[in-house]
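Reader: I'm new to reading structures, and I'd love a close look at just one chain of this one. Could you walk me through chain B, from its overall fold to the side where it meets its partner?

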Amino acid sequence: MTTVALMVSTRKGAWIFQTDSNRAAWKVNGPHFLGHIINHLVLDPRDRTTLLAAASTGHLGPTIFRSTNWGQTWEEAAKPPAFAQAPEGQNGRSVKHTFWLTPAHGNEPDVWYAGTSPQGLFRSADGGRTWAAFSSINDDLKYREWMGSEKDGTPDGPKLHSIIVDPRNPKHLYFGMSGGGVHESLDGGETWRVLISGMDVVEGFGFDATNPMFHDPHCIRLCPSNPDRLYQQNHCGIYRLDRPSDTWVRIGKNMPSEVGDIGFTMTLHPRDDNTAWVFPMDGTQVWPRTSPGGKPAVYATHDGGATWQRRDAGMPKEQAWWTVKRQAMCSDSHDPVGLYFGTTSGELWMSRDEGQYWECIAQHLPEIYAVEAIVL
Amino acid sequence: MKVLIPSALLSYTGASQVDASGATLGEVLDELDRQYPGIRFRMIDEQQQVRRHIRVFVNGVSAENLSLPIQPDDQVVIVQALSGG
């Protein structure tokens, strides 16, 4: 019998929830790193054994922990992600936290990528034990300009995220920066090109849409069933990109106008490239970034974004001002697909029927930053 | 010399007071890292700055400069700032 494991990262530690293929009863393993800020806890799908945790605390610098026994013991990285030391007299950057972890291609066991805040791209070739800057972007003057400053990022710092490896080609990579746009490499990170055509920028300020600095992709996903199709939840809408085109199409225009197409997170169907789910946020006036009207819902598309359907059965009908962050919604590979999301108010929700009905599987957790699902 | 360790770093040292030596504050911290791998980067960033919520006191005086000379009988106290929530 298969099991589903959920890796739940929070502002105060990490938990692992596990269930059987019926996804009815969940066993909880945790807390791990109680009191530590865990931005991302990821199980390596290549060996289904290695867990990496991106950790920091309110006081201490950032690091990466590694476990091969489901968190019974953890080994700290001997060399966590860190920027190069600046020459004497110059100001250098320091990693505030590792935000994103991505296992590399299946043909590259032990290789991982990491995205940091402020924006930096790092790589490990030894299963997360040591990390080094990857490619030249961390110190590239043009990229540094696009990355902006602390003022240009999310409230807890600008981030490099959504590091994606094409399952057909380990040298074909994507990543996103909040802010700083979407970027693609076809040569294993030797060179990068900007991929922001079609993406909108915040209106009314005269921002140049051709400048990556003004773009804020929140979450980019590549279709497991069709690596030529990507979806994106952006600060300015929901998009789809069908390669070889370089132009994103704003499919969020088809969302109900009273809900809009602002949000942080997005997850995709493992076998159907026309199906995706988003969790809309209120992006009006002061940007509350909560469920519009206090009525939370997932919205699903089954036709590549041409139409969207509200999926809120089982959720509160009013006065539920939820926020779901960009790493905090995911799907499993069962049939029907299981969907999962965690709220900043510490609730973990699931649907075992592709969003038709939702139920809460955990409450009273700390602020949830990330939820990752894997079928074992 | 004696180095006092804050609770957030006890997972490295296992003790709230440890011995370390060095001619400068930076060397003392290097020595701590040799004894307790990883501890230095949790306190000092890659630009060799004391992290925002860490304070280091040498004989009761706040120290930010890693080249500060240290005498064998000095006392080094590492403190986690009262912050967060």
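Author: Happy to! A good place to start is confidence, since this is a predicted model. Chain B has a mean pLDDT of 94, and 95% of its residues reach 70 or more. For the model as a whole, the scores are ipTM 0.88 and pTM 0.95.

Now for the fold. Chain B is built from three helices and five strands. If you follow the sequence from its start, these elements come in the pattern β-α-β-α-α-β-β-β. The radius of gyration of chain B is 12 Å, close to the 12 Å that the globule rule gives for 85 residues, so chain B is as compact as a globular protein of that length. To picture its extent, imagine a box: the C-alpha trace spans about 35 × 25 × 25 Å along its principal axes.

Next, look inside. Among the 85 residues of chain B, 26% count as buried. Contacts also link parts of the sequence that are far apart: taking those between residues at least 6 apart in sequence, 48% join residues at least 24 apart.

Finally, let's turn to the partner. Where the two chains touch, chain B supplies 17 residues and chain A supplies 15 residues. On chain B's side of this contact, the element that gives the most is helix α3, residues 39-43, with three residues. The chemistry of that side of chain B is mixed: six of its residues are nonpolar, seven are polar and four are charged. As you turn the structure on your screen, try finding helix α3 of chain B and looking across from there to chain A, which it helps to touch.

Methods:
Residues are numbered from 1 along each chain as its sequence is written. Chains are lettered from A and ligands numbered from 1 in the order in which they are written. This is a predicted model: local features need pLDDT of at least 70, side-chain atom pairs count only at pLDDT 80 or more; totals for chains, interfaces and linings use all residues. pLDDT is the predictor's confidence in each residue, from 0 to 100. Helices (H or I, at least four residues) and strands (E, at least two) are DSSP runs, numbered from the N terminus. The radius of gyration is taken over C-alpha atoms; the globule rule is 2.2 Å times the number of residues to the power 0.38. A residue is buried if 20 or more other C-beta atoms lie within 10 Å of its own, exposed if 12 or fewer, and partly exposed in between; C-beta atoms are placed from the backbone. Two residues are in contact if their C-beta atoms, placed from the backbone, lie within 7 Å. Ala, Val, Leu, Ile, Met, Phe, Trp, Tyr, Cys and Pro count as nonpolar, Asp, Glu, Lys and Arg as charged, and the others, Gly among them, as polar.
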